Amino acid sequence: MVSPVDAVTPLITQAIEATLGAEFAGADPVLRPSQYADVQVNAALALAKRAKRPPREVATAIVAALDLSEQCSAVEVSGPGFINLTFRDSWLARLLAQQAADERLGVPTQPRQIVPIDYSAPNVAKEMHVGHLRTTVVGDALARTLEFLGHDVIRQNHIGDWGTPFGMLIEHLLEVGEDSPQAALLETDPNAFYQGARTKFDGDPEFATRARARVVALQSGDPATLERWQRLIGLSTAYFNRIYTALDVTLTDADLAGESTYNDELAAICDELEERGLAQISDGALCVFLPGYTGREGKPLPLIVRKSDGGYGYGTTDLATVRHRVRDLHADRILYVIGAPQALHLRMVWETARLAGWLPDDVEIVHVQIGNVLGEDRKILRTRSGAPLRLMALIEEAIAKAGAHLDAARPDLAPAERDLIAAQVGVGAIKYADLSVAHDSEYVFDLDRMLSLTGNTGPYLQYAATRVRSIFRSIEADPADPAFAQAAIDLAEPGERALAAHLLDFGTVVAAVGDELEPHRLCTYLFELAQAFSAFYENCPVLKADEPTRTSRLALCALTLRVMERGLNLVGIRSPQQM
Ligand code: ARG
């Protein structure tokens, strides 16, 4: 099953070669949307110079060599040398029938690649902030989409679970007791727990001494200390899991691959870098100096792999992640869905890994850069008091607001149903706001706009889906009934045709999201699908139409709903039964 554009592209490529000669084999026919037809072919204009013939003449020759009688009702040369294609309604209807019969709705299965995805990665005993929210949501959408495209996705949650603060945190946990209300904060308000430890550390020299000794014990692998540390991690990951569940994110404990995972490899990483002459001691620290990387005043910028006190840093651990993902996970393609400000860090790590032979050229490695989320003041989002925002509080607020909207619009809903829908809408609104803009751009966090039923929002799309559902509910029919997937579809009205053409693009768009790693393209597609459906529904009566038009239109509605639900599912957004 292919989209109309994908179906005609190879035929045009062949005609170009037949017309202009073998040296034009495989030339891109440059298909673009057209104002006057379904698509326009810009190849003649693009190739005329190379062919040393006027573009219009080239266009006419290509058309003469082209047989699109099955696919097109009109193939016309226009203007300076465009070729305008108008698809046959019957041909579109046939493609649509194939899409409806396909469980994958026309989404191709790509040649399987092993794709580790590094995303979410919050820090233990710290609040997850909106930045973590965004990598979590974008990473999860990519994981779902790539999996659906047939890839072997390996989720890697690189949590911050190691480092000097753990001495103080463990010591604090020991003092307050694991079953105390203070310890319970780790699962509800981790910043508060952290602050408790910090205050003691700063104010009580004896505690500080014990905390420092605890770091040494932890690093030397003292079993009792490791056990305490494990408890701390357990309480913290329980918090992360509560957030993941609330957000409907697919990460589980099995995906945890925190910084500590690599502890045993760090010494060897440093040794190898030194042996290969890639690292050298500078001011007591072991550093890699890469050509072309300079800091302030043009001074060479080091990637520090071992600090002067012997400790390892974030960069060393990340070198280990590259090596692990290539060597042990057999990655074909590695994604790091992390903040844009870490671009330099990643580039230095990857380049070092390449020089060290840990990252072969045939492994694709990508930083899916996550842009900042801003407050209304266009600064990094914080609470009114200036404290970092609690993510759970934010999610709860979104759900409460969605619930209030729902109470006004649907007072008839039973409480359990109401709560379920409020959660689906509130969470969908937050996630969609993260997903619908380019992942590397900044945006202003505005809960009221996110929850709006109009505009390019999650609730708008969810509402569009429920409108389709309600058509079927009113006739007590099931949109998933195979009869609708098999029904003949007739495309006579412009509204039907436009909706059909949009539906047929689904597979191409999902494949492009997998290739370009841009979930916002799928969001845009779904938004336009909802609009195409609205236009269709306004102009083409469904239930009041005579047969066979009625069944044909119901079949179009059913397919729209399936595509909408699948599309929302691929970006991790629930589709409520009603709103
Ligand atoms: N824990 C880090 C942070 O909160 C993000 C880690 C991203 N992953 C990585 N492999 N460096 O900023």
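Author: Quick definition before we start: Ala, Val, Leu, Ile, Met, Phe, Trp, Tyr, Cys and Pro count as nonpolar, Asp, Glu, Lys and Arg as charged, and the others, Gly among them, as polar. And keep in mind that this is a predicted model.

Reader: How many residues of each class, nonpolar, polar and charged, are in the shell around the ligand?

Author: Around the ligand you'll find D118, A121, N123, H158, G160, D318, T321, Y336 and I338. Sorted by class, that shell comes out as three nonpolar, four polar and two charged residues.

Reader: Which elements give two or more residues to that shell?

Author: The residues surrounding the ligand include D318, T321, Y336 and I338. The elements giving two or more are α12 (314-327) and β10 (333-339).

Reader: What about the 'HIGH' region in the UniProt annotation: how far apart are the end C-alpha atoms?

Author: The unreviewed UniProt entry places that short sequence motif at residues 122-132. Over this stretch the chain is 27% helix and 0% strand, with its end C-alpha atoms 6 Å apart.

Reader: Why do the buried residues of α20 sit on the same side?

Author: Helix α20 spans residues 506-516, and its buried residues are F506, G507, V509, V510, V513 and G514. They share one side of α20 because they cover an arc of only 170° around the axis.

Reader: And which exposed residues are on the face turned away from that buried side?

Author: The buried residues are covered by elements including α5 (130-148), α19 (494-504), α21 (519-539) and α22 (549-570). Turned away from the buried side is a face carrying the exposed residues D515 and E516.

Technical notes:
Residues are numbered from 1 along each chain as its sequence is written. This is a predicted model: local features need pLDDT of at least 70, side-chain atom pairs count only at pLDDT 80 or more; totals for chains, interfaces and linings use all residues. A residue is near a molecule or strand if its C-beta atom, placed from the backbone, lies within 6 Å of it. Helices (H or I, at least four residues) and strands (E, at least two) are DSSP runs, numbered from the N terminus. UniProt positions are given in the numbering used here, feature names are shortened, and annotations may be inferred rather than shown by experiment. A residue is buried if 20 or more other C-beta atoms lie within 10 Å of its own, exposed if 12 or fewer, and partly exposed in between; C-beta atoms are placed from the backbone. The arc is that of the directions from the helix axis to the C-beta atoms. Two residues are in contact if their C-beta atoms, placed from the backbone, lie within 7 Å.
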